[in-house]
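Let's take a walk through this one together. Have the sequence and the 3D view ready to hand.

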Amino acid sequence: MTQIPIFSLARNRGIIYFNGATMTDKKLTVVVHELIGEDAAISTEDGNSLYERVEKAIDKGASVAISFKNIHLMTTAFLNAAIGQLYGKYSSELLNLKLEIIDLADTDKVVLRNVIRVAKEYFKNKDQVGKRIDIELNRDN
Amino acid sequence: MSYSHEFNYRIENNFSGYEKLISFYNKTRILMFDNIQLDFNHCTWFEANLSAVLGAIISKLQYDINSVHFDNLPPQIESILSKNTFLSNFGGESKADTYGTTVPYRKFQKTDQKIFTSYISNELLSLPSLPVMSEPLKKKIKECILEIFINAQTHGNTSNIFSCGQFYPKKGRVDFSIVNLGSTIQKEVSKYFNQEIQAVPAIQWAIEEGHTTRTGNIPGGIGLSTLLSFIQLNKGKVQIVSGDGYWQRNSSGTDYETFQDYFDGTIVNIEFNVNDTNSYILSGEESWDNIF
């Protein structure tokens, strides 16, 4: 069995601390179609279900592959809850290490990239976003 | 008590058309236990997708225990409102849609997204008169409409969502309207900033990528910008009416205006160019490594 390092995370700031421990390599594949029971990934609630599954696995030190096989329809509401929300807890480095997206159509990849970009900005500016846009609105008026 | 409201001239998918409907909403919004007559005697045209707006207003009037009747419907308007099943929701008749151009009027519970998804597939994208569209184009149309439904569900502060569509074969366009009563974009954005913001700037703010009034751990603010990017490629049109704000974008640019009256809800009308031959299949050349 492969031995890999385990990471612990500082909540909400995405800082990764290497604690030197090792663990058995674990990988979970979540098939979205099976999880939500249909071929359309639309709602925030379904996105949350996927988020919770991924969160649990990552927190247990496992790697996760999310399979979009046979998903024919997807909204950004679903992706924001399922993937965007991860940036509130994990860093890009950790997600690149632990998370894999498979069986996603090329057109949907473009949408997912946008969701990821916006989620990073959202959490980066979460505390200041109100003030910043307040200034923009006053300027526009 | 009895109140009669006259609809005049043409009620179309434009500022003037929405203004007429919002005026009706304002003149009747405080009525209770009344008998309301809608007089179409001098109305020469009613764009069928706007049944969603009229239906939302009448539904609210019925909720307030008013009785609503249609008077003097010209044959061509009665015909289209029977074909799209609008009139049958209010005591009238439904009629077969021989040419297959109407997407029926429906009132959904906000939790009905699965039923709504089937409605888009079965009633809109399966219209027999539509030109042959590529599967990716159909998928994009469906996703755009679902984004609006989810937006109404998330921000609408209401239990119902109303929709209706119409295919205009000569123009090669499908207009599809989604309406919710309850909160407006202006109210949501004003609450978020804790200051009074006018309706048009509030809409302009809300359509920008990454702008969301949500404050929790789920990011947002990408549904409307994704829709607008697609509509730009598709050479379609998006109209948003919320509060007293009117905002429209099409291939020739963006327009906005302010209504005299206030609409306590949001109307999103999307006009799709169904003759679009863009492929919408992207190359996916960018590396998929380290996407996070």
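We'll start where the two chains meet, then turn to a helix and a lysine.

This is a predicted model, where local features need pLDDT of at least 70, side-chain atom pairs count only at pLDDT 80 or more, and totals for chains, interfaces and linings use all residues. Residues are numbered from 1 along each chain as its sequence is written, chains are lettered from A in the order written, and side-chain values use heavy atoms, leaving out hydrogens and water.

At the interface, 49 residues of chain A are in contact (heavy atoms within 4.5 Å) with 41 residues of chain B. The area buried there, meaning accessible area (1.4 Å probe) lost on putting the two together and summed over both, is about 3,800 Å². Carbon and sulfur atoms give 61% of that area. The rule finds three salt bridges across the interface (a Lys or Arg side-chain nitrogen within 4 Å of an Asp or Glu carboxyl oxygen). In a salt bridge at 2.7 Å, N to O, Asp108(A) meets Lys139(B). On the side of chain A that touches chain B, H5(A) gives the most, with 17 residues.

Now look at H4(B), where Phe116(B), Tyr119(B) and Ile120(B) are among the buried residues (under 20% relative accessible area, 1.4 Å probe, protein chains only). The buried residues of H4(B) pack against elements of both chains, including strand S6 (73-74) of chain A and helix H5 (135-155) of chain B.

Finally, what about Lys83(B), in helix H3 of chain B? Lys83(B) is buried yet has no salt bridge, and the nearest side chain of opposite charge, Asp97(B), is 4.9 Å away.

Key
Buried < 20%, exposed > 50% of the residue type's maximum accessible area, 1.4 Å probe, protein only. Helix = DSSP H or I, 4+ residues; strand = E, 2+ residues; numbered from the N terminus. Lys, Arg positive; Asp, Glu negative; His and termini not counted.
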